[in-house]
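User: I am new to this structure and would be grateful for a close look at a single part of it.

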Amino acid sequence: MKFIDEIDIKGKKTLFRFDFNVPLDDSLHITDDTRIRAVLPTIDYALDEGAKVIVMSHLGRPKGRIVPQLSLAPVAKRLSRLLGKEVRLAKDCIGEDVRQLISKMEPGCIVMLENLRFHPGEESNDDEFARQLACCADVYIDDAFGNAHRRHASNVGITKHVKICGAGFLIKKELNYFKQALENPARPFVAIVGGSKVSGKLETLGYLIKKADKIILGGGMAFTFLKARGYEIGRSLVEDELLPQANEIMEAARSLRVKFYLPVDCVIAERKSADAETKIVPIQEINPNWMGLDIGPATTTLFSEVLNNAKTILWNGPMGVFELDAFSRGTSAMVHSVANSHALTIVGGGDTDVAIHKTGEGDKITYISTGGGAFLKLLEGKTLPAIEALDACS
Ligand code: AMP
C-alpha cells in the first residue's frame with residue numbers, strides 16, 4: 001500500500017475519504033470533533049503540497065435518503081474553523097454540479113462533498129456509484145480508519161476507478177501502532193478486555209490469547225467466565241450458551257501459559273440504575289437477586305498490580321457500567337493505572353475511548369484508536385476490506 005507522502009499530488013484533484021461521522025446534539029452542534037482533528041495532518045500536508053483537496057464522508061444513518069439534519073454542513077464549518085480556510089460544501093457527492101465545482105478548483109483549495117449515505121449505492125458498494133464518485137479524481141486517498149472494516153463504494157469500490165490510490169497519515173498511524181503492539185510487542189504484554197458481551201469478543205479473546213502474556217477480563221463479560229468457574233453470579237449479565245467456550249478459552253490460556261485474571265470482587269445492585277442501592281462484595285458473595293455492575297476495589301488493586309511491570313498494554317471495553325457514576329469507579333481506576341504505567345499503551349473501541357476522555361487522562365495514553373469496529377476487527381486477527389483494496393492497488 002502506498003501512503004500519501006509517496007504519491008505526487010501537487011496540483012492534482014485529490015479525493016479523500018475521511019470518517020467525519022461526528023456526534024451532533026439536537027441543535028446540530030458537534031459535541032466531539034476528535035475525528036476531524038485526527039485527519040488534520042493529512043489535510044494540512046495535501047494543502048501544503050498544492051493539491052486540490054476534495055473530501056468525502058458519511059454522517060449518521062440516512063439509509064440512502066436525503067435527511068437534511070444529516071448534512072455535512074456543521075462538519076464543513078468546523079473544518080473551516082480548524083484550518084482557518086474556506087471549505088465549500090457541494091450540494092451532493094456526485095453529479096454535474098459537483099463536476100462543475102471541482103473543475104473550477106485552484107491548487108490549495110478545499111471542497112467537501114455532501115453526505116455519501118444520501119445515496120443507497122454507498123453502503124451497497126454499487127459499482128456505478130463508485131465510478132461516479134471517482135470521475136473527478138486524479139488521486140484517491142483513504143484516511144477513514146473508522147470505516148475501514150466496511151466494504152462500501154467510497155472506500156472499496158472506488159479503488160477500481162482511480163488510477164492512483166493510497167492511504168493517509170491516520171491509517172498509517174493506526175496500522176503502525178497496531179503492528180507495534182501485536183507483531184513484536186515489548187513484553188510483558190497485557191491485554192485488557194471488558195464490555196458487555198462475550199459473544200462480541202470471542203474471536204478477539206481467541207486471537208489475544210496467542211499474542212499476550214497476561215489477559216485481564218472485566219465488565220459484564222467477566223460474569224460468564226466466573227459462572228463457568230462455578231461461582232454464583234446472581235442476576236449479572238451472562239451468556240449461558242457460551243459457558244463451554246469460556247471454559248475453552250481459560251483452558252487454552254492455561255496450556256499457553258497465559259495468565260488469566262478475573263475480578264475478585266464487584267459492585268452489585270438490584271437494578272442497573274443511577275439511584276440503586278449498591279454494595280461491594282467478594283465474587284463468592286453475590287446475592288442471587290442482585291447483579292454485578294462494576295469491578296470492586298480489591299480487583300482494581302489486583303489489576304493495577306498486573307499492569308505495573310507491563311511494557312505493552314492493549315485495552316478494549318469498560319470494566320463496568322461506566323455511564324452511571326455509581327458503577328464508573330472501576331473503569332476510571334483502570335484509566336489511571338494504564339495512563340500512569342510505563343508501557344506502550346493502546347486503547348480502542350468507542351466506549352473505552354469515551355471513558356478515557358471522561359477522566360481527562362487521554363494525553364497520557366500512547367495511542368487512542370479512532371476506529372471502534374475497525375480496531376476490533378484487527379483485534380480478531382482479520383484484515384480490513386478498505387486496507388485490502390488499497391493493497392490491491394499497489
Ligand atoms: P461493549 O460494546 O461490548 O464494549 O460494551 C460496552 C458496554 O458494556 C457499556 O455500555 C457498559 O455499560 C456495559 N457494561 C460493562 N460492564 C457491565 C456489567 N457488569 N453489566 C452490564 N453491562 C456492562
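User: Is the crossing of H11 and H12 left-handed or right-handed? Please describe this helix pair closely, and then set it beside other local features.

Analyst: The model is a predicted one. The crossing of H11 and H12 is right-handed. Helix H11 covers residues 297–308 and helix H12 covers residues 329–339; they pack with their axes 10 Å apart, at an angle of about 20 degrees. Because angles under 35 degrees count as roughly parallel, H11 is described as roughly parallel to H12.

The ligand site may be considered next. The ligand has 15 residues around it, and those that come nearest are Ser196, Lys201, Gly292, Glu323 and Asp351. By class, this shell consists of 4 charged, 6 polar and 5 nonpolar residues. Backbone atoms take part in several contacts. A polar backbone atom of Gly292 is 3.0 Å from a nitrogen atom of the ligand, and a backbone N or O atom of Gly220 also lies 3.0 Å from a ligand nitrogen. For Ser196, a backbone N or O atom lies 2.9 Å from an oxygen atom of the ligand. The protein buries 80% of the 500 Å² that the ligand exposes when taken alone.

Two loops deserve mention for their backbone geometry. Between helix H7 (169–182) and strand E7 (189–193) lies a loop containing Pro188, and the peptide bond leading from Arg187 to Pro188 is cis, with omega near 5 degrees. Leu28 belongs to the loop between strand E1 (13–17) and helix H1 (34–37). The phi angle of Leu28 is near 60 degrees, a positive value in a residue that is not glycine.

Definitions and conventions: Residues are numbered from 1 along each chain as its sequence is written. This is a predicted model: local features need pLDDT of at least 70, side-chain atom pairs count only at pLDDT 80 or more; totals for chains, interfaces and linings use all residues. Side-chain values use heavy atoms; hydrogens and water are left out. A residue is near a molecule or strand if one of its heavy atoms lies within 4 Å of it. A polar contact is a pair of N or O atoms within 3.5 Å; within protein, one must be able to donate a hydrogen and the other to accept it, and residues adjacent in sequence count only if both atoms are side-chain atoms. Accessible areas come from the Shrake-Rupley method with a 1.4 Å probe; for residues, only the protein chains shown count as cover. Ala, Val, Leu, Ile, Met, Phe, Trp, Tyr, Cys and Pro count as nonpolar, Asp, Glu, Lys and Arg as charged, and the others, Gly among them, as polar. Axes are lines fitted to C-alpha atoms, for helices over the stretch in contact, and angles run from 0 to 180 degrees between N-to-C directions. Helices (H or I, at least four residues) and strands (E, at least two) are DSSP runs, numbered from the N terminus. Angles under 35 degrees count as roughly parallel, over 145 as roughly antiparallel, 65 to 115 as roughly perpendicular and the rest as oblique. A crossing is left-handed if the near helix is turned anticlockwise from the far one by less than a right angle, and right-handed if clockwise.
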